[in-house]
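Please work through the following exercises with the sequence and the structure at hand. Each task is followed by a solution that goes step by step.

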Amino acid sequence: MSLNTHITTLEQRHSALDQEITAAFASKPAMSDAEIREMKLKKLRLKEEIERLRRDEH
């Protein structure tokens, strides 16, 4: 898998998590704070990985 393909895949996962978090806040009953916090941490890790790969690419 090329680096660009890997970054694109990570960006898609990041976007999907963002949508899940938004849906979690809108759902009734809402997800637990712990579940939402875990999703946000995964999203942050993905963002950090994307940024690291972009830096290393150059």
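**Exercise 1: two helices**

Describe how helix 1 and helix 2 pack.

Solution. Helix 1 (residues 3-26) packs with helix 2 (residues 33-57) at an angle of about 155°, and their axes are 9 Å apart. Helix 1 is therefore roughly antiparallel to helix 2, a term for angles over 145 degrees. By class, their contact has 12 nonpolar, three polar and 11 charged residues.

This is a predicted model, in which local features need pLDDT of at least 70 and side-chain atom pairs count only at pLDDT 80 or more, while totals for chains, interfaces and linings use all residues. Residues are numbered from 1 along each chain as its sequence is written, and side-chain values use heavy atoms, leaving out hydrogens and water.

**Exercise 2: length and burial**

Compare the expected span of helix 1 with the distance between its end C-alpha atoms, and find its buried residues.

Solution. At 1.5 Å a residue, the 24 residues of helix 1 should span 34 Å (1.5 Å times one less than the number of residues), which agrees with end C-alpha atoms 35 Å apart. Its buried residues (under 20% relative accessible area, 1.4 Å probe, protein chains only) are Ile-7, Leu-10, Leu-17, Ile-21 and Ala-24. These buried residues of helix 1 pack against helix 2, where contact means heavy atoms within 4.5 Å.

**Exercise 3: His-58**

Is His-58 buried or exposed?

Solution. His-58 lies in the segment after helix 2. Because its relative accessibility is 81%, His-58 counts as exposed, the cut-off being over 50%. From C-alpha to C-alpha, His-58 and Thr-8 are 16 Å apart in space, and they are 50 residues apart in sequence.

How values were computed:
Axes are lines fitted to C-alpha atoms, for helices over the stretch in contact, and angles run from 0 to 180 degrees between N-to-C directions. Helices (H or I, at least four residues) and strands (E, at least two) are DSSP runs, numbered from the N terminus. Angles under 35 degrees count as roughly parallel, over 145 as roughly antiparallel, 65 to 115 as roughly perpendicular and the rest as oblique. Ala, Val, Leu, Ile, Met, Phe, Trp, Tyr, Cys and Pro count as nonpolar, Asp, Glu, Lys and Arg as charged, and the others, Gly among them, as polar.
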